[in-house]
Amino acid sequence: MTDTVRTDAGPDTRHAGLLDRVYANFRQYLTGWGEQVRATGITDHFRSGLAQPQFNGVVRLRRPAEAGEAVTAAGEALAGVPWWWWVGQDSPVGTREALTRHGMTELGSLPVMVRPLDRLGPAPRTPEGVRIVPETGPGLLAEVVRVYSRSMGAVPGIEPDLTRIEARRADNGVIDRLAALDEGRVIGTATVISAYDVAGIFLVHVAEEYRRRGIGAALTEAALRAGRDRGMRHAALVASPAGEPLYRRLEFTTVSEYHLFAPPAAP
């Protein structure tokens, strides 16, 4: 993997090694969901056991020549739960083609976006009546989980196990969870993991009835400040199609992408 960042305007040599750090941050976040995590030498994969593909999967194929063996091994390790294979620039060239040859189905791609944290403006205004606070304590954590799980369309009944896994993450010391409150009720969420000199931003969600009021932007800007306050130099995220225009307005730039693959159908 090259150290040169490719932006919309072409190669950007000002941030040598940035993508290495971004993908290391993302791998830490994703594998943190796994109550079983394994680096086999061929792949890194994680399994939460939850019936939601975001929380089980493979984050890196190290040797595409062994893709067939890796697909078989991942299928065995992740049997019984839905899962995705994330292919980013930390996987070698040829990974996508190798996975396709071995029966994986490409679902689409998502942009990886970054921005520096050295030029944040004044603290943003939140919509009237809304406060953004750090999550503290199990009660608020359960409400944070409730909001983002429903926003992402997670399967019913998953929330208690999600809350348990969140509370037990080994890297909670570098995670900031933010909650947008309206009259004490959680209506929006954002999670920041500060690692590898990068503030990785995840789970920016707003309850459906509160959308289009600027709450997602306020949460993202609060997340940027949380990362800066921990000494991180860049922020990074994986944007959904709905979120990408917002992140561009907040000065994020696309530097790479993830390709998501689904496993072969069961025989």
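Start with the aromatic rings: in this predicted model, ring pairs join Tyr23, Phe26, Tyr29, Trp33, Phe55, Trp84, Trp86, Phe202 and Tyr258 into a cluster. A search through the whole structure turns up eleven aromatic pairs. Two of them are worth a look on screen, and both involve Tyr29. With Trp33, the ring centres are 6.0 Å apart and the planes sit at 90°, so this pair is edge-to-face. Tyr29 and Trp33 are both buried. With Phe202, the picture changes: here the centres are 3.7 Å apart and the planes are at 10°, so the two rings are stacked. Tyr29 belongs to helix 1 and Phe202 to strand 11, so this pair ties together parts that lie 173 residues apart in sequence. Phe202 is buried, as is Tyr29. If you want to describe such pairs yourself, the distance of the centres and the angle of the planes are what you need.

Now widen the view from the rings to the core. The largest nonpolar core has 40 residues, and the members that touch the most others are Val22, Phe26, Trp33 and Leu162. Helix 1, which covers residues 18–31, gives the most to this core, with seven residues. Apart from this core lies another one, made of 28 residues, including Leu117, Ala180, Leu224 and Ala226. As a general rule, nonpolar side chains in soluble globular proteins tend to be buried together.

Trp33 is a good place to stop for a moment, since we have met this residue in the ring cluster and in the core. Who touches Trp33? Setting aside neighbours within four places in sequence, Trp33 is in contact with Phe46, Arg47, Ser48, Phe55, Tyr148, Leu162, Ile165, Glu166, Arg169 and Leu203.

Two names on that list deserve a visit. Arg169 sits in the loop between helix 5 (159–168) and strand 9 (175–182). Is this arginine buried or exposed? Arg169 has a relative accessible area of 5%, so it counts as buried. Beyond its neighbours within four places in sequence, Arg169 is in contact with Gln28, Tyr29, Gly32, Trp33, Ile175, Arg177 and Ile193. Tyr29 and Trp33, the edge-to-face pair from above, are thus both among the contacts of Arg169.

The other name is Leu203, in strand 11. Leu203 is buried, with a relative accessible area of 12%, and its phi is near 55°, a positive value in a residue other than glycine. Most residues other than glycine have a negative phi. Tyr196 also has a positive phi, of about 60°, without being a glycine. Tyr196 is placed in the loop between strand 10 (185–195) and strand 11, and with a relative accessible area of 46% it is partly exposed.

Strand 11 also brings us to the largest pocket. About 1200 Å³ of space lies in there, and 37 residues line it, with Val204, His205, Ser240, Gly243 and Tyr247 nearest the centre. Which elements give two or more residues to the lining? They are helix 1, strand 6 (84–87), strand 11 (198–206), helix 6 (215–229), helix 7 (244–249) and strand 13 (253–262). Strand 11 supplies the largest share, six residues. By class, the lining has 26 nonpolar, seven polar and four charged residues.

From the pocket, step over to helix 6, where Thr220 lies. Thr220 has a relative accessible area of 0%, so it is buried. Apart from neighbours within four places in sequence, Thr220 is in contact with Ile201, Val204, Leu246, Tyr247, Leu250 and Phe252. Val204 and Tyr247 in that list are also among the residues nearest the centre of the pocket. Over in strand 13 you will find Thr253, which is partly exposed at 29% relative accessibility.

Finish at strand 8 (residues 130–134), the home of Ile132. Ile132 is partly exposed, with a relative accessible area of 23%. Ile132 and Ala180 are 48 residues apart in sequence, but their C-alpha atoms are 4.3 Å apart in space. Ala180 is one of the residues of the 28-residue core. Leaving out neighbours within four places in sequence, Ile132 is in contact with Thr126, Leu178, Ala179, Ala180, Ala218, Leu219 and Ala222.

How values were computed: Residues are numbered from 1 along each chain as its sequence is written. This is a predicted model: local features need pLDDT of at least 70, side-chain atom pairs count only at pLDDT 80 or more; totals for chains, interfaces and linings use all residues. Side-chain values use heavy atoms; hydrogens and water are left out. A nonpolar core is a set of buried Ala, Val, Leu, Ile, Met, Phe, Trp, Tyr and Cys residues joined through side-chain atoms within 4.5 Å. Buried means under 20% relative accessible area, exposed over 50%, partly exposed in between (1.4 Å probe, protein chains only). Helices (H or I, at least four residues) and strands (E, at least two) are DSSP runs, numbered from the N terminus. Contact means heavy atoms within 4.5 Å. On a 1 Å grid over the protein atoms alone, a cavity is a set of points where a 1.4 Å probe fits but cannot get out, and a pocket is an open set with protein on both sides within 12 Å along at least five of seven lines; lining residues have an atom within 4 Å of a point. Grid points are joined across faces, edges and corners, and a volume is the space filled by probe spheres set on the points. Ala, Val, Leu, Ile, Met, Phe, Trp, Tyr, Cys and Pro count as nonpolar, Asp, Glu, Lys and Arg as charged, and the others, Gly among them, as polar. Rings of Phe, Tyr and Trp (its six-membered ring) pair if their centres lie within 6.5 Å; planes under 30 degrees apart count as stacked, over 60 as edge-to-face and the rest as tilted.
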